[in-house]
Amino acid sequence: MKLNERGLLVVLSGPSGVGKGTVRKALFDEYGKNLTYSISMTTRPMRPGEVNGKDYYFVTEDEFKKKIMEGGFLEYNYFCGNYYGTPMDEVEKALNSGKELILEIEVNGCRQVKEKMLDAVTIFIVPPSREALYERLKHRGTESDYQIQERINKANAEFGLAYQYDYIVVNDDVNNAADRISAIIRAEHARTRRSIYKYYELLGDEEDEQK
Ligand code: 5GP
């Protein structure tokens, strides 16, 4: 029996190229029934194979800035030449549904979420080695040499931020990483501060039944 029935806000973060997206997809393939993904908004051009409204909401810079002015983002950041943000309405919709809400965002955005949502669970996904990350970025084939170097520089700066997170998960194998995240979610539900009220409620019910 799960004592805490409220969905958790889980942030998957980590350096660009670490495979956050692949891990997230594996997590949804295996455990997707109770999960919702927060679709971000971005001004980045669409990559081949990406679908508007599924991978991202692709918008113009003007549209993005308008939404900033309206206070429409839980968090947003300007990252390697483009804006990325988590629309507030996505978050509210998902948390109301009782499912775990999974955000996949870069480290600056994660810091903003943690400041606003104290209960959020933050997970830093790391590569098994720096070289593994460089190789991944180079072979992804989605960025120019300049953009790859920009992302490598950024990743190097971000490695040191791991201490700010609740958990660190090594992406040595995608399915293992997804399993570890699922285990973290289960453990978080059992945290005393999340489940104690429900537990007392249950005790109260039992007492009533014994009378
Ligand atoms: P990409 O261009 O490779 O899809 O994403 C670049 C980076 O932006 C990745 O680290 C990705 O996790 C992050 N990102 C995606 N959506 C959001 C978002 O809504 N907010 C923030 N802060 N970062 C995001």
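Here is a short walk through the structure above, from its sheet to its ligand. This is a predicted model, in which local features need pLDDT of at least 70, side-chain atom pairs count only at pLDDT 80 or more, and totals for chains, interfaces and linings use all residues. Residues are numbered from 1 along each chain as its sequence is written, and side-chain values use heavy atoms, leaving out hydrogens and water.

Let's begin with the sheet. Four strands (DSSP runs of E, at least two residues, numbered from the N terminus) form an open sheet in the order 4-3-6-5, with mixed pairing. Strand 4 (57-58) and strand 5 are the edge strands, each pairing on one side only. Two strands count as paired if DSSP finds at least two bridges between them; strand 5 and strand 6 run antiparallel and are joined by six bridges. Within this pair, E75 has T86 of strand 6 as its bridge partner.

Now to the ligand. Strand 5 (73-79) and strand 6 (82-87) each supply at least two residues of the shell around the ligand. In total, 17 residues surround the ligand (each with a heavy atom within 4 Å of it), and the closest are S40, R44, Y56, Y84 and E106.

E75 and T86 appear again among the polar contacts, pairs of N or O atoms within 3.5 Å. A side-chain N or O atom of E75 lies 2.7 Å from a nitrogen atom of the ligand, while a backbone N or O atom of T86 is 3.4 Å from a ligand oxygen atom. K20 brings a polar side-chain atom to 2.9 Å from an oxygen atom of the ligand.

Terms used: A polar contact is a pair of N or O atoms within 3.5 Å; within protein, one must be able to donate a hydrogen and the other to accept it, and residues adjacent in sequence count only if both atoms are side-chain atoms.
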